[in-house]
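Could you walk me through this structure, one selection at a time? I have it open in a viewer and would like to know what to pick next and what is there.

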Amino acid sequence: MRLPLSFEFFPTKTPEGAVKLRAVRQQLYEMKPEFCSVTYGAGGSTHAGTFAAVGEILAEGVDAASHFSCIGATRATVREQLAELKAMGVKRLVALRGDLPSGYGVGGEFQYASDLVGFIRAETGRDFHIEVACYPEVHPQARSPEADLQAFAAKARAGADSAITQYFFNADAYFRFVDDARRLGIDTPVVPGVMPITSSTQLMRFSDACGAEIPRWIRLRLQSYGDDTASIKAFGLDAVAQMCERLCAGGAPALHFYTMNQATATLALLERLGLDA
């Protein structure tokens with residue numbers, strides 16, 4: 001049986017970007033994704049753009065998951081937005097704590113993503129399939145690996161249906177995380193988040209910000225190519241495809257691709273993996 005696939009996009013800021021993204025989505029729809037998700041800016045700053053993109057994806061005949069963050073939010077605002085998404089026909093949410101815009105205090109009525117998951121379940125029952133985030137290489141703000149694992153367990157026990165990981169390039173970290181979760185009695189499916197490698201500078205910047213480790217051998221190879229984009233892409237395709245093959249062989253339930261609003265690298269990966277049929 002073919003492994004389920006999903007793709008992540010972020011809201012565009014210009015009409016030209018929106019047109020390009022529609023074309024990208026159409027290319028990726030050929031891969032028959034289970035759903036496509038749309039990210040949410042810090043403090044809900046892209047709320048309108050996120051919901052608009054989700055509405056477009058649904059209108060294009062594909063299941064859409066809206067990212068939904070709670071930091072700085074109140075129960076009233078969350079209740080209102082859940083009603084809006086339900087009226088749109090949204091059946092999936094990616095429930096996150098989220099980030100505050102710089103310069104803001106914490107505020108809001110939710111402290112953790114598990115609080116949000118529990119609230120959504122209490123308010124809407126089984127109306128939404130709830131995805132949550134997890135971090136095989138440990139959340140950068142976690143007090144310890146065990147504390148991070150317990151935070152994931154709390155989200156699962158609050159009612160999460162499945163989880164999507166932060167991207168990583170070390171399959172062993174994923175397998176260890178899943179094993180540790182199972183040890184706690186958490187059987188929530190954990191879907192690997194996959195980041196295609198297309199630019200070394202962009203990848204280094206993202207990884208430093210989100211705590212994803214770039215293994216030394218990958219970092220050095222990327223640095224050795226300098227500005228040779230073709231070599232970076234070819235090496236990135238090999239390295240990420242090999243990792244995905246290990247993940248699939250090891251029992252990953254699905255693959256979720258961080259597309260960066262581009263189709264080419266993700267399509268190349270799926271072709272290499274034989275998942276493009």
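**Stop one: a ring pair between two helices**

Begin by selecting Phe-235, which is buried because its relative accessibility is 7%. Keep in mind as you go that this is a predicted model. Now add Trp-217 to the selection: the two residues form an edge-to-face aromatic pair, with 5.9 Å from centre to centre and 90 degrees between the planes. Trp-217 belongs to helix H8 (residues 216–224) and Phe-235 to helix H9 (residues 229–249), so colour both helices to see how the pair links distant parts of the chain, 18 residues apart. Unlike its buried partner, Trp-217 counts as partly exposed, at 47% relative accessibility.

**Stop two: one step along H8**

Stay in helix H8 and select Ile-218. Is this residue buried or exposed? Its relative accessible area is 1%, so Ile-218 is buried. Leaving out residues up to four places away in sequence, Ile-218 touches Phe-169, Ile-197 and Phe-235. Next, draw a distance from the C-alpha of Ile-218 to that of Ala-239: the two are 8.1 Å apart in space and 21 residues apart in sequence.

**Stop three: the nonpolar core**

Phe-169 is a good bridge to the next view. Together with Phe-152 and Leu-255, Phe-169 touches the most other members of the largest nonpolar core, which has 88 residues. Helix H9 supplies the largest share of this core, nine residues. As background, nonpolar side chains tend to be buried together in soluble globular proteins.

Centre the view on Phe-152 and show its surroundings. With residues up to four places away in sequence not counted, its contacts are Val-132, Ala-133, Cys-134, Ala-163, Phe-177, Ala-181, Ile-186, Thr-188 and Val-190.

**Stop four: more rings**

The model has 11 aromatic pairs. For another of them, select Tyr-40 and Phe-68: their ring centres are 6.3 Å apart and their planes meet at 15 degrees, which is under the 30 degrees limit, so this pair is stacked. Tyr-40 sits in the loop between strand S2 (35–38) and helix H2 (47–59), while Phe-68 is in strand S3 (residues 64–69); the pair links distant parts of the chain, 28 residues apart. Tyr-40 and Phe-68 are both buried. Add Phe-51 to the selection and you have one aromatic cluster, made of Tyr-40, Phe-51 and Phe-68.

For a ring with another kind of neighbour, go to Phe-110. Arg-75 lies over the face of this ring, at 5.5 Å from the ring centre.

**Stop five: helix H4**

Select residues 113–124, which make up helix H4. Its 12 residues should span 16 Å at 1.5 Å a residue, and the end C-alpha atoms are indeed 16 Å apart, so the two values agree. Which residues of H4 are buried? They are Ala-113, Ser-114, Leu-116, Val-117, Phe-119, Ile-120, Arg-121 and Thr-124. To see what these buried residues pack against, show S3, helix H3 (75–88), strand S4 (92–96), strand S5 (129–134) and helix H5 (145–158). Just after H4, stop at Gly-125, which takes a positive phi of about 60 degrees.

**Stop six: two positive phi values outside glycine**

Lys-32 is a residue other than glycine with a positive phi, near 55 degrees. Look for Lys-32 in the loop between helix H1 (15–29) and S2. With a relative accessible area of 62%, Lys-32 is exposed.

Then move to Met-260, which is not a glycine but has a positive phi of about 55 degrees. Met-260 lies in the loop between strand S9 (255–258) and helix H10 (264–273). At 24% relative accessibility, Met-260 counts as partly exposed.

**Last stop: the cysteines**

Finish by showing the cysteine sulfurs. How many disulfides are there? A search of the whole structure finds zero. Cys-36 is in no disulfide, and the nearest cysteine sulfur, that of Cys-244, is 17 Å away. Cys-36 is buried, with a relative accessible area of 0%. Cys-244 is in no disulfide either; its nearest cysteine sulfur, that of Cys-248, is 6.3 Å away. The relative accessible area of Cys-244 is 0%, so Cys-244 is buried.

Methods: Residues are numbered from 1 along each chain as its sequence is written. This is a predicted model: local features need pLDDT of at least 70, side-chain atom pairs count only at pLDDT 80 or more; totals for chains, interfaces and linings use all residues. Side-chain values use heavy atoms; hydrogens and water are left out. Rings of Phe, Tyr and Trp (its six-membered ring) pair if their centres lie within 6.5 Å; planes under 30 degrees apart count as stacked, over 60 as edge-to-face and the rest as tilted. Helices (H or I, at least four residues) and strands (E, at least two) are DSSP runs, numbered from the N terminus. Buried means under 20% relative accessible area, exposed over 50%, partly exposed in between (1.4 Å probe, protein chains only). A charge sits over a ring if NZ of Lys or CZ of Arg is within 6 Å of the ring centre and within 35 degrees of the ring normal. A nonpolar core is a set of buried Ala, Val, Leu, Ile, Met, Phe, Trp, Tyr and Cys residues joined through side-chain atoms within 4.5 Å. Contact means heavy atoms within 4.5 Å. A disulfide is a pair of cysteine sulfur atoms within 2.5 Å. The expected span of a helix is 1.5 Å times one less than its number of residues.
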